[in-house]
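Let's take a walk through this structure together, one neighbourhood at a time. Keep the view open beside you and turn it as you read.

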Amino acid sequence: YLGKEEVPGAAGFIAFLRQCGIRYLFVTNRANRTPAIVAEHLCTYGIPCSGSDVLTSAQATVQYLKHGSVYYIGEEGLKVELDKAGMTINEESPDYVIVSFDRSFNYEKLRKACRLIHAGAQFIATNPDKALKTANGLVPGTGSIVAAVAAGSGSEPVIIGKPERLIIDMSLERLGLKPQEVINVGDNLATDVPAGINAGVRTAFILTGVSTRDDLARSSLKPTWVVESYVQLTEIIRREKEV
């Protein structure tokens, strides 16, 4: 989707997958929303979805850490996952400092995160997206906050979300599929496409959102397919299914 509008053909593409019995998973770098809220949002565009069809970078982060105490910069989506995993919130001597999207980020949170990382906490970032595309243009994303903490602490984080392969590997595990059985679809050359390539998954770069064909020409990335629309993508999936 873009703003309040469905990207043309997106709902029809998901309907096609369902008709063919092809499984799908919505993998998002957003960590501030719960899977249920993401699913509810997608349903408003006519895209059938439940929370089990969604993997957020908050879920992937908690799965990666498994246990321990944390100080986090983030919103409800991350807090819910930490609570579900039984991870302890510790603002004095945590095992990890997790940095995510936080619209109430301020200097005090920055100061505390840097102090705890200096004291030995491991620095974790849910994702590196520097900006988010909204109906009102670009706004600072998680990566902007991560950059501030990295500068203040002198440390670089372990990144969980795209473009790293971790979240794609977890997607494969969730689906119970091998890399060669999956196609990764995305519109962002900074995150979606390299994540698929890094995980050894065939990747369809779709020109409906963030990145352009000119961006691809300037990039060293080589997605498996480049498509203009979901109509073109549907034809590719149809052919692949028949092979």
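A good place to set off from is S93, which is exposed, with a relative accessible area of 53%. You will find S93 in the loop between β4 and β5. Leaving aside its neighbours within four places in sequence, S93 is in contact with S69 and L116. For a sense of scale, pick out F26 as well: S93 and F26 are 67 residues apart in sequence and 35 Å apart in space, measuring rod laid from C-alpha to C-alpha. Please keep in mind throughout that this is a predicted model.

From that loop, move to the strands around it. Which order do the strands of the open sheet of 5 strands follow? Reading across, the order is β4-β3-β5-β6-β9, and the pairing is parallel. At the edges stand β4 (88-89) and β9 (158-159); each has a single partner strand, so one side of each is left without a neighbour in the sheet. In general, strands of a sheet pair through backbone hydrogen bonds, in either a parallel or an antiparallel way. Here, β3 (residues 69-73) and β5 (residues 96-99) run parallel and are joined by 4 bridges. To see one such pair, look at Y71, whose bridge partner in β5 is V97. Helix α4 (residues 76-84) packs on this sheet, where α4 touches β3, β4 and β5. The direction of α4 makes about 170° with that of β3.

Between β3 and α4 there is a loop, and E75 has its place there. Is E75 buried or exposed? With a relative accessible area of 15%, E75 is buried, since the cut-off for buried is under 20%. The side chain of E75 is joined to that of R103 by a polar contact of 2.7 Å. Not counting residues up to four places away in sequence, E75 touches N32, F101, D102 and R103.

Another helix to visit beside these strands is α5 (residues 107-118). Its 12 residues reach 16 Å from the first C-alpha to the last, close to the 16 Å expected at 1.5 Å a residue. Within α5, the residues L110, K112, A113, C114, L116 and I117 are buried. You have already met one of these, L116, as a contact of S93. The buried residues of α5 pack against β3, β5, β6 (122-125) and α6 (142-153). At the N-terminal end, α5 is capped by N106, which has a side-chain oxygen 3.2 Å from the backbone nitrogen of E108. Just after α5 comes G120, with a positive phi of about 120°.

Two loops deserve a short stop for their backbone geometry. In the loop between α3 (57-65) and β3 sits K66, which has a positive phi of about 70° although it is not a glycine. K66 is exposed, with a relative accessible area of 60%. Further along the chain, P163 lies in the loop between β9 and α7 (166-175). The peptide bond joining K162 and P163 is cis, with omega of about 20°.

Now turn to the other sheet, an open one of 3 strands in the order β10-β11-β12, again with parallel pairing. Its edges are formed by β10 and β12; each has a single partner strand, so one side of each is left without a neighbour in the sheet. Neighbouring strands of this sheet are turned by 20° against each other on average, direction ignored. Between β11 and β12, the parallel pairing covers 3 bridges, and A204 finds its bridge partner in W225 of β12.

Our last stop is helix α10 (residues 230-242), which lies across β10, β11 and β12 and runs at about 145° to β12. This helix has 13 residues and reaches 18 Å from its first C-alpha to its last, close to the 18 Å expected at 1.5 Å a residue. Which residues of α10 are buried? They are Y230, L233, T234, I236 and I237. Seen down the axis of α10, these buried residues fall within an arc of 165°, so they line one face of the helix. They pack against α1 (10-20), β10 (183-186), β11 (202-206) and β12 (225-227). The face turned away from that buried side carries the exposed residues V231, R239 and E242. At the start of α10, a side-chain oxygen of S229 comes to within 3.3 Å of the backbone nitrogen of V231.

Conventions
Residues are numbered from 1 along each chain as its sequence is written. This is a predicted model: local features need pLDDT of at least 70, side-chain atom pairs count only at pLDDT 80 or more; totals for chains, interfaces and linings use all residues. Side-chain values use heavy atoms; hydrogens and water are left out. Two strands pair if DSSP finds at least two bridges between them. Contact means heavy atoms within 4.5 Å. Axes are lines fitted to C-alpha atoms, for helices over the stretch in contact, and angles run from 0 to 180 degrees between N-to-C directions. The expected span of a helix is 1.5 Å times one less than its number of residues. Buried means under 20% relative accessible area, exposed over 50%, partly exposed in between (1.4 Å probe, protein chains only). The arc is that of the directions from the helix axis to the C-beta atoms. A polar contact is a pair of N or O atoms within 3.5 Å; within protein, one must be able to donate a hydrogen and the other to accept it, and residues adjacent in sequence count only if both atoms are side-chain atoms.
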